[in-house]
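Take a moment with the model shown here. The paragraphs below walk through how its parts pack together.

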Amino acid sequence: MAITCSAGCGKSAVLKRPKTGDAVCKDCFFWAFEQEIHNTITHSNMFKRGETVAIGASGGKDSTVLAYIMKTLNDVYDYGLKLILLSIDEGITGYRDDSLETVKRNQIQYDLPLKILSYEDLYGWTMDAIVQKGTEGSIPRSKPFKYTYEKEIVMYAYYKKLDYFSTECIYSPNAYRGFARTYLKDLEKIRPSAIIDIVHSGEQLSIKEGIRLPIQGKCTRCSYISSQPVCKACVMLEGLNKGRPKLAVGKSSKVWDFLEINASIEGNVLNKDCRTEKECCGRGGCQTQGLKLTPAEIREMTDKLDF
């Protein structure tokens, strides 16, 4: 026997909402889903009329639904926002190139401008190159899906027949956050409201008086927001460019030792292709006269940092 929609519309229910446990029809689910996200946006004063909002677009279900929802709500409730799709091409062969094709279709489907930036253009490295090595201006972030369940995002995409890319990133299985995700999913099986309860608990946390918190500043190298003089991205690039790919995940004291050593000898050492003072790479540009440390001594110092 078909179950009637609990919203009282008289239609047959097609799904049970994990958030509320209500059995609802497609139309009532669409309305509730969109209304809840609208409430999240308006109650937190997330945006201001006239702002440009970049929607991080990967081609996956989350970003595809977000782009569709933001486009819909912006039109229906007249937010007055300029929406654009922003994609980052990490350079993951066989994954990102395919997903970007989905984003390009979304651009046409939702009539939104699209900007694609690449790791290689921004940093000089692709993700594939970073993995082969051994590791992996301040813009505020907004989260319209802050209180939205992943299951409902999937169901919304399914019933709306949205075009999205569903293949998992080839590096995802090794991501450390996967352990936390699995744990939260196990909690959700026992208590469906576990994830939203954690979100609300985090909002209620307060800091004991007298506790010193990191001060938000700007990275001295790239000028992006950071609580450290040099941000994690620049530390990682330093490590990759110096042949120390694990630098960004090392202990802070060792990281600073390494950065200080390199800063002190910048522009006053042999080219990286030269192994000793007598082995010249032939490219020129070396400044070996007046060295306080020989290249061998420098290598010995950095080798002790064990990255």
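What follows starts with the core, moves through three helix pairs, and ends at two loop residues.

Keep in mind that this is a predicted model. Begin inside. The largest nonpolar core has 34 residues. Those with the most contacts inside it are F33, I41, V65, M70 and Y156. Several elements give two or more residues to this core. The helices are α1 (26–43), α2 (61–76), α3 (96–110) and α6 (150–160). The strands are β3 (52–56) and β4 (82–89).

I41 shows what such packing looks like. Leaving aside residues up to four places away in sequence, I41 touches M46, F47, M70, L73, Y79 and P144. Apart from the largest core lies another core, of five residues. C219, V230, C231 and V235 are among them.

Now look at the first helix pair. How do α1 and α2 cross? Their axes come within 11 Å, and the crossing angle is roughly 75°. An angle of 65 to 115 degrees counts as roughly perpendicular, and α1 and α2 are therefore roughly perpendicular to each other. On the α1 side, the contact uses F33, E34, I37, H38 and I41. They meet V65, I69, M70 and L73 in α2. By class, this contact of α1 with α2 has seven nonpolar residues, one polar and one charged.

The spacing of such residues has a simple background. An α-helix has 3.6 residues a turn, so residues three or four places apart point the same way.

One residue of this contact deserves a closer look. L73 sits in helix α2. Is L73 buried or exposed? Its relative accessible area is 2%. Buried means under 20%, so L73 is buried. Which residues does L73 touch, not counting residues up to four places away in sequence? They are E34, I37, H38, I41, D78 and Y79. H38 is 35 residues away from L73 along the chain, yet their C-alpha atoms are separated by 7.0 Å.

Helix α2 also meets α6. The axes of α2 and α6 come within 10 Å and cross at roughly 65°. That makes α2 roughly perpendicular to α6. The crossing of α2 past α6 is left-handed. From α2, the contact takes K61, D62, V65, Y68 and I69. From α6, it takes E150, I153, V154, Y156, A157 and K160. By class, the contact of α2 with α6 has seven nonpolar, no polar and four charged residues.

V65 and I69 appear in the contact of α2 with α1, and V65 and I69 also appear in the contact of α2 with α6.

Which residues of α6 are buried? They are E152, I153, Y156, A157 and Y159. What covers them includes β1 (15–16), α1 and α2.

Move on to another helix pair. Helix α7 covers residues 177–190, and helix α8 covers residues 194–204. Their axes come within 8 Å and cross at roughly 115°. That makes α7 roughly perpendicular to α8. L184, L187 and E188 of α7 make the contact with A194, I195 and I198 of α8. By class, the contact of α7 with α8 has five nonpolar, no polar and one charged residues.

E188 lies in helix α7. At 9% relative accessibility, E188 counts as buried. What does E188 touch, not counting residues up to four places away in sequence? The partners are Y149, K151, A194 and I195.

Finish in the loops. Where does D78 lie? D78 is in the loop between α2 and β4. Its phi is near 50°, a positive value in a residue other than glycine. D78 is partly exposed, with a relative accessible area of 46%. D78 is also one of the residues that L73 touches.

K161 comes just after α6, in the loop between α6 and α7. Phi of K161 is near 60°, again a positive value in a residue other than glycine. Is K161 buried or exposed? K161 has a relative accessible area of 69%. Exposed means over 50%, so K161 is exposed.

Definitions and conventions: Residues are numbered from 1 along each chain as its sequence is written. This is a predicted model: local features need pLDDT of at least 70, side-chain atom pairs count only at pLDDT 80 or more; totals for chains, interfaces and linings use all residues. Side-chain values use heavy atoms; hydrogens and water are left out. A nonpolar core is a set of buried Ala, Val, Leu, Ile, Met, Phe, Trp, Tyr and Cys residues joined through side-chain atoms within 4.5 Å. Buried means under 20% relative accessible area, exposed over 50%, partly exposed in between (1.4 Å probe, protein chains only). Helices (H or I, at least four residues) and strands (E, at least two) are DSSP runs, numbered from the N terminus. Contact means heavy atoms within 4.5 Å. Axes are lines fitted to C-alpha atoms, for helices over the stretch in contact, and angles run from 0 to 180 degrees between N-to-C directions. Angles under 35 degrees count as roughly parallel, over 145 as roughly antiparallel, 65 to 115 as roughly perpendicular and the rest as oblique. Ala, Val, Leu, Ile, Met, Phe, Trp, Tyr, Cys and Pro count as nonpolar, Asp, Glu, Lys and Arg as charged, and the others, Gly among them, as polar. A crossing is left-handed if the near helix is turned anticlockwise from the far one by less than a right angle, and right-handed if clockwise.
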